[in-house]
Amino acid sequence: MLDANTLLLFHEVAETGSFTAAAESLGYTQSAVSRRVAALERDAGGPLFERRARGVRLTPAGVALGGPPSSCAWSKTSPAG
């Protein structure tokens, strides 16, 4: 089961297109974001983000998990519960 913090982190990475930008936005280190995304991907059974030279983008599995960032129900202003 995914918790609200993990879904918020997933959404922030998807929205910003960067582990580093998501980390800065959420007050985490980049390595903490990378570890949490890696754990989420292990739980999901495959990659949720395509790693690119200049950031990341959602894979089809990532879209299935949270949808495109513009339609994702999770945001920093949404209540976490």
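The buried residues of helix α3 pack against α1, α2, β1 and α4 (60-66). In this predicted model, those buried residues of α3 are Ala32, Val33, Val37, Leu40 and Glu41. The helix itself comprises the 15 residues 30-44, which at 1.5 Å a residue should span 21 Å, and the end C-alpha atoms of α3 are 21 Å apart, so the expected and the computed span agree.

Around α3, the protein has four helices and two strands, which follow the pattern α-α-α-β-β-α when read along the sequence. Of the 81 residues of the protein, 35% count as buried. The accessible surface comes to about 4,900 Å², and carbon and sulfur atoms hold 54% of that area. Among the contacts with a separation of 6 or more, 48% are accounted for by residues 24 or more positions apart.

Two of the buried residues of α3 can be followed further through their contacts. Val37, when residues up to four places away in sequence are not counted, touches Leu9, Val13, Phe19, Phe49 and Arg51. Glu41, which is also placed in helix α3, has a relative accessibility of 11% and therefore counts as buried, the cut-off being under 20%. Leaving aside neighbours within four places in sequence, Glu41 is in contact with Gly46, Pro47, Leu48, Phe49 and Arg51. Phe49 thus appears in the contact list of Val37 and in that of Glu41.

The largest nonpolar core has 14 residues, of which Phe10, Val13, Phe19, Val33, Val37 and Phe49 touch the most other members. The elements that contribute two or more residues to this core are α1, α2, α3 and β2, and the greatest contribution comes from α1, with four residues. Val33 and Val37, both named among the residues with the most contacts to other core members, also belong to the buried residues of α3.

The aromatic residues of the model form two pairs. In one of them, the rings of Phe10 and Phe49 lie 5.3 Å from centre to centre with 50 degrees between the planes, a tilted arrangement. This pair links distant parts of the chain, since Phe10 belongs to helix α1 (residues 4-16) and Phe49 to strand β1, 39 residues apart. Both Phe10 and Phe49 are buried. In the other pair, the ring centres of Phe19 and Phe49 are 6.1 Å apart and the planes stand at 90 degrees, so the arrangement is edge-to-face, for which the angle must be over 60 degrees. Because Phe19 lies in helix α2 (residues 19-26) and Phe49 in strand β1, this second pair ties together parts of the chain that are 30 residues apart in sequence. Phe19 is buried, as is Phe49. Through these ring pairs, Phe10, Phe19 and Phe49 are linked into a cluster.

Strand β1, which carries Phe49, covers residues 49-52 and runs antiparallel to strand β2 (residues 55-58), to which four bridges join it. One of the bridge partnerships is that of Arg52 with Gly55 in β2. The two strands are connected by a hairpin of two residues.

The loops on either side of this strand pair were also examined. Ahead of β1, Gly45 is found in the loop between α3 and β1, where this residue follows α3 and has a positive phi, near 90 degrees. With a relative accessibility of 70%, Gly45 counts as exposed, because the cut-off for that class is over 50%. The C-alpha atom of Gly45 is separated by 9.4 Å from that of Ala61, although the two residues are 16 residues apart along the chain. After β2, Thr59 is found in the loop that leads from β2 to α4. In contrast to the exposed Gly45, Thr59 has a relative accessible area of 14% and so is buried. Not counting residues up to four places away in sequence, Thr59 touches Pro47, Leu48, Phe49 and Glu50. Pro47, Leu48 and Phe49 are likewise among the residues in contact with Glu41.

Methods
Residues are numbered from 1 along each chain as its sequence is written. This is a predicted model: local features need pLDDT of at least 70, side-chain atom pairs count only at pLDDT 80 or more; totals for chains, interfaces and linings use all residues. Side-chain values use heavy atoms; hydrogens and water are left out. Two strands pair if DSSP finds at least two bridges between them. Rings of Phe, Tyr and Trp (its six-membered ring) pair if their centres lie within 6.5 Å; planes under 30 degrees apart count as stacked, over 60 as edge-to-face and the rest as tilted. Buried means under 20% relative accessible area, exposed over 50%, partly exposed in between (1.4 Å probe, protein chains only). The expected span of a helix is 1.5 Å times one less than its number of residues. Contact means heavy atoms within 4.5 Å. A nonpolar core is a set of buried Ala, Val, Leu, Ile, Met, Phe, Trp, Tyr and Cys residues joined through side-chain atoms within 4.5 Å. Accessible areas come from the Shrake-Rupley method with a 1.4 Å probe; for residues, only the protein chains shown count as cover.
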